[in-house]
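Trainee: I've got the structure open and I'd like to check the labels people put on it. Can we go through them one at a time?
Mentor: Sure, bring it up.

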Amino acid sequence: MTAILAINALCLSFGGQQVLDDVSLSVQPGERLALLGHNGAGKSTLFKTVLGFLRPSSGTVAVAGRAPGSNAAREAVNYLPEVVSFQRNLSGREVLSYFSGLRGTPKAEVSDLLARVGLLDAADRAVGTYSKGMRQRLGLAQALIGAPRLLLLDEPTSGLDPVSRHEFYEVIADAAVRGSAVLLSSHGLEEVQDKTDRIAILARGRLTAEGTLAELAQEAGLPTTIRISAKPGAADDLHGEFGGRRVNGCRLDLDCAQGAKVDLLARLGRHHDKLRDVEIAPPGLTDIYRHFSRMSPAEDQI
Amino acid sequence: MSTRIGTVFGQELRQARRNLWVILATAVLGLFALALALFGAGQGSGLKVDVLTLTAVSLATLSVYLIPLIALLMSYDSISGEVERGSLALTFATPVRRWEVFVGKLLAQTVAVCVAILIAFGTVGCIIGFLAETSRDGVSAWLRLMLSAGGLGAIFVGIGLMLSALTGRTARAAAAAVGVWLLLVVLYDVALLGAIMAAGEGIFATHVFPWLVIANPADAFRLYNLAMIDAAPVAGIDGLSQTLPFPPVAALAALGLWLVVTIAIGSARTKRIVP
């Protein structure tokens, strides 16, 4: 199967600053790839390069085998920008008819799309009266016009409540089932967990990780934290025995690798008279994300 | 191609209507035309021309100020505003060609200006024709005025869009539009008058000056309308209309050239916008 989007060793500098540095990615038809990164990590720049708005300094981008921004590439790609503002005095239906006209798709599709994103009732109201969630869903409907081969969604769910967010991802999953390749950006792993097939993490313009969530967790190899609450006066003894980090007078955090967990718990069991409680915290999604997106330990403290 | 231009055209025309541009422009043009008609009717009996011709002459002079202003106001933020709002990025991501966006916007706003001119001048023309005696010359002068005013509107819509594409920012586009209006409509004439007075009779007055006048679309429009009326009571630069070294239609050709140039520059510049 050939990739709809193939990015190879892409570099892009902007005003003397390296915004994208040696980025390579590919997305297959029907696949959903989440691109994670902080504000300013280069996500929007990557999208604008794929759209052909910005030119790479070096490296190549191919959309459906064509140069980004070429007529054939623009026919294959649909885009939802991070900030979308439609003309306030047009109705949702008029906005979709406009984009449908530009893409040369049948007008009959418009009502179907409005229904898919749940906007059929508000279709003939002015966009100015829409809530943020409704405007975002209209943006998504716009991005689904003409069964796109590649969907570029730049932070599509930022500012949406959890229910709308869930519905949003259902529409995206549906589009992927219909054969669209999806590249979407987001701020956090929690959000895209179970919602995308693969994850790529961009930090300061460099791709620091790429794979499924399980692969990322394994690659990160982060320790499990065991949180101990000691009985009064016993904390010092435990600290002496096990080391670890003192949190306060009676609490102690121990880090241990995946394989050493059971062993450590067995050793702790021998000191059960000094323990009040033990809590096991496996590395969370936030920890994994921070592991791949941090550049220096100092930054991680923020 | 035609569907995509048609789509941009339809959307843009709908905007012009919803933003009340057409109604506003019609009202302004209509009121001024009516005022000039009443003024012309008041003094018309003393002159050998009919009221319609007289009003066409004075309206041509006033239109030089009003129509470019209306056209520039309608167009100056059409592209830069969309760049700032982010909606142009969506449009440019579709298969539409950049020049099609420029031409579609130009056509729609030109139609909006022309509709305003047609309704305003058409209505006032009918009122004059109904109330006062009208000659065939008067009717043709009035029709020429309406047609060439549409052309003038198209050029300044083109200039406004071109500035919008060149600057890419609404604030800068507004400043540029005001500057261009002042330059072409006001200062150009003053500078030319100064030059002709300094140069006096000679090669400049007979061979260079007329070309300089039709090089400016606003002056070309006025010159065309006045030169076609034999009995027009004119003065100043407009006095030139009686001693032209070329047929008045050349002024129309100058207008056409302006339109082509603004479309060419505007389209080329729209291609280079990073939305």
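Trainee: What makes H6(B) and H11(B) oblique to each other?
Mentor: This is a predicted model, and in it the axes of H6(B), residues 98-131, and H11(B), residues 249-271, cross at roughly 135° and come within 8 Å. Oblique covers angles outside the other classes, and roughly antiparallel needs over 145 degrees. The angle of roughly 135° doesn't reach that, so the pair is oblique. As for the hand, the crossing is right-handed.

Trainee: Which residues meet there?
Mentor: From H6(B) you have B:Arg98, B:Trp99, B:Val101, B:Phe102, B:Val103 and B:Leu106, and they meet B:Ile263, B:Gly266, B:Ser267, B:Thr270 and B:Lys271 of H11(B). That contact splits into 6 nonpolar, 3 polar and 2 charged residues. B:Gly266 is in the contact, and Gly goes with the polar group by the convention used.

Trainee: Why is H7(B) called oblique to H8(B)?
Mentor: Their axes cross at roughly 140° and come within 9 Å, with H7 spanning residues 136-167 of chain B and H8 residues 170-199. Roughly antiparallel starts over 145 degrees, so H7(B) counts as oblique to H8(B). This crossing is right-handed too. On the H7(B) side the contact uses B:Ile159, B:Gly160, B:Leu163, B:Ser164 and B:Thr167, and on the H8(B) side B:Arg172, B:Ala173, B:Ala176, B:Ala177 and B:Val180. The tally is 6 nonpolar, 3 polar and 1 charged.

Trainee: Over to chain A. How do you know that S8(A) is mostly covered?
Mentor: Count its residues: 5 of the 6 in 198-203 are buried. Buried here takes 20 or more other C-beta atoms within 10 Å.

Trainee: What makes S8(A) a partner of S3(A) and of S9(A)?
Mentor: Pairing takes at least two bridges. S3(A), residues 32-36, has 4 with S8(A), running parallel, and A:Leu35 bridges to A:Ala200. S9(A), residues 206-211, has 5 with S8(A) in the antiparallel sense, with A:Ile199 bridging to A:Gly211. The hairpin of S8(A) and S9(A) has 2 residues between the strands, and A:Arg204 takes a positive phi near 50° there.

Trainee: Last one: how many residues does each chain bring to the contact between A and B?
Mentor: Chain A gives 22 and chain B 18. H2 (71-76), S5 (77-80) and H3 (92-103) of chain A each supply at least two, and H3(A) has the largest share, 5 residues. The chain A side divides into 12 nonpolar, 7 polar and 3 charged.

Note on methods
Residues are numbered from 1 along each chain as its sequence is written. Chains are lettered from A and ligands numbered from 1 in the order in which they are written. This is a predicted model: local features need pLDDT of at least 70, side-chain atom pairs count only at pLDDT 80 or more; totals for chains, interfaces and linings use all residues. Axes are lines fitted to C-alpha atoms, for helices over the stretch in contact, and angles run from 0 to 180 degrees between N-to-C directions. Angles under 35 degrees count as roughly parallel, over 145 as roughly antiparallel, 65 to 115 as roughly perpendicular and the rest as oblique. A crossing is left-handed if the near helix is turned anticlockwise from the far one by less than a right angle, and right-handed if clockwise. Two residues are in contact if their C-beta atoms, placed from the backbone, lie within 7 Å. A residue is buried if 20 or more other C-beta atoms lie within 10 Å of its own, exposed if 12 or fewer, and partly exposed in between; C-beta atoms are placed from the backbone.
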